[in-house]
Each structure stands twice: as C-alpha cells, then as structure tokens.
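Work through the exercises below with the structure open beside you. Try each task before you read its solution.

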Amino acid sequence: MKIGIFFGTNTGNTENISYLIQKKIGNNSYVYDISNTNIKIIEKFDILLLGTST
C-alpha cells in the first residue's frame, strides 16, 4: 500500500512534521508539497495524509 503525505506550509513547520511522519511510517510513504503537485501524482496513492498550517 502506497501512502502519500501532502503538505501546505507557510513557515516550514508542516513540511518538517511531514518528514517526521514519513520516517515513522516507513518505506511506502512519500512526501509532496501540495503546491507543486498535480492530480496524476495524487491518484497513485492508496492512502492520503494531508497537512496544512493553521
């Protein structure tokens, strides 16, 4: 199962947390900045995790 971790950030904190989550999940997880992503990339994943700044 492939897991996509997509983040949106203003200060970099959400990006940092995304990589920490990826480290805990392991090999089948991939991190993307949502502002540089298109629907073709998103469709490749079985599970999506979305993180945004507050």
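A polar contact is a pair of N or O atoms within 3.5 Å; within protein, one atom must be able to donate a hydrogen and the other to accept it. Keep in mind that this is a predicted model.

**Exercise 1. Describe the overall fold of the chain.**

Step 1. Take the secondary structure. The chain has two helices and three strands.

Step 2. Put these elements in sequence order. The pattern reads β-α-β-α-β.

Step 3. Judge the compactness. The radius of gyration is 11 Å, close to the 10 Å that the globule rule gives for 54 residues, so the chain is as compact as a globular protein of that length.

Step 4. Get the dimensions. Along the principal axes, the C-alpha atoms fill a box of roughly 30 × 25 × 15 Å.

Step 5. Look at burial and contacts. Of the 54 residues, 26% count as buried. Take the contacts with a separation of 6 or more: residues 24 or more positions apart account for 72% of them.

Step 6. Check the record. UniProt lists residues 3-54 under "domain: Flavodoxin-like", in an unreviewed entry. Over residues 3-54 the chain is 33% helix and 33% strand. The C-alpha atoms at the two ends of this stretch are 23 Å apart.

**Exercise 2. Find the polar contact of the S35 side chain, then place S35 in the structure.**

Step 1. Locate the residue. S35 sits in the loop between strand 2 and helix 2.

Step 2. Find its partner. The S35 side chain makes a polar contact with the side chain of D33, at 2.8 Å. The cut-off for such a pair is 3.5 Å.

Step 3. Is S35 buried or exposed? Its relative accessibility is 58%, so S35 counts as exposed. The threshold for exposed is over 50%.

Step 4. Look across the chain. S35 and F7 are 28 residues apart in sequence, yet their C-alpha atoms are 8.4 Å apart in space.

**Exercise 3. Set T37 against N36.**

Step 1. Place both residues. T37 lies in the loop between strand 2 (29-33) and helix 2 (39-42). N36 is found in the loop between strand 2 and helix 2 as well.

Step 2. Read the accessibility of each. T37 has a relative accessible area of 18%, so T37 is buried. N36 has 62%, so N36 is exposed. The cut-off for buried is under 20%.

Step 3. Follow the T37 side chain. The T37 side chain reaches the backbone oxygen of D33 at 2.7 Å.

Step 4. List what else T37 touches. Beyond its neighbours within four places in sequence, T37 contacts F6, Y32 and I42.

Step 5. Look from N36 across the chain. N36 and G8 are 28 residues apart in sequence and 9.8 Å apart in space, C-alpha to C-alpha.

**Exercise 4. Trace the aromatic cluster.**

Step 1. How many aromatic pairs does the whole structure hold? A search finds four.

Step 2. Start with F6 and Y32. These rings are stacked, at 5.3 Å centre to centre and 15° between the planes. The pair links distant parts of the chain: F6 is in strand 1 (residues 3-8) and Y32 in strand 2, 26 residues apart.

Step 3. Check burial of this pair. F6 has 2% relative accessibility and counts as buried. Y32 has 26% and counts as partly exposed.

Step 4. Move on from Y32 to F45. Y32 and F45 form an edge-to-face pair, at 5.8 Å centre to centre with 65° between the planes. This pair also links distant parts of the chain, 13 residues apart: F45 belongs to the loop between helix 2 and strand 3 (47-52). F45 is buried, at 9% relative accessibility.

Step 5. Assemble the group. F6, Y30, Y32 and F45 form one aromatic cluster.

Step 6. Add the charge. K2 lies over the face of Y30, at 5.6 Å from the ring centre. K2 also lies over the face of F45, at 5.3 Å from the ring centre.

**Exercise 5. Map the surroundings of T14.**

Step 1. Locate the residue. T14 is in helix 1 (residues 13-25).

Step 2. Is T14 buried or exposed? Its relative accessible area is 14%, so T14 is buried.

Step 3. Name the contacts. Leaving out residues up to four places away in sequence, T14 touches F7, G8, T9, G51, T52 and S53.

Key:
Residues numbered from 1 in each chain as written. Predicted model: local features only at pLDDT ≥ 70, side-chain atom pairs only at ≥ 80, totals over all residues. Heavy atoms only, no water. Helix = DSSP H or I, 4+ residues; strand = E, 2+ residues; numbered from the N terminus. Buried < 20%, exposed > 50% of the residue type's maximum accessible area, 1.4 Å probe, protein only. Contact = heavy atoms within 4.5 Å. Phe/Tyr/Trp six-rings, centres within 6.5 Å; stacked < 30°, edge-to-face > 60°. Lys NZ or Arg CZ within 6 Å of the ring centre and 35° of its normal. UniProt positions renumbered as here; feature names shortened; annotations may be inferred. Rg over C-alpha atoms; globule rule 2.2 N^0.38 Å.
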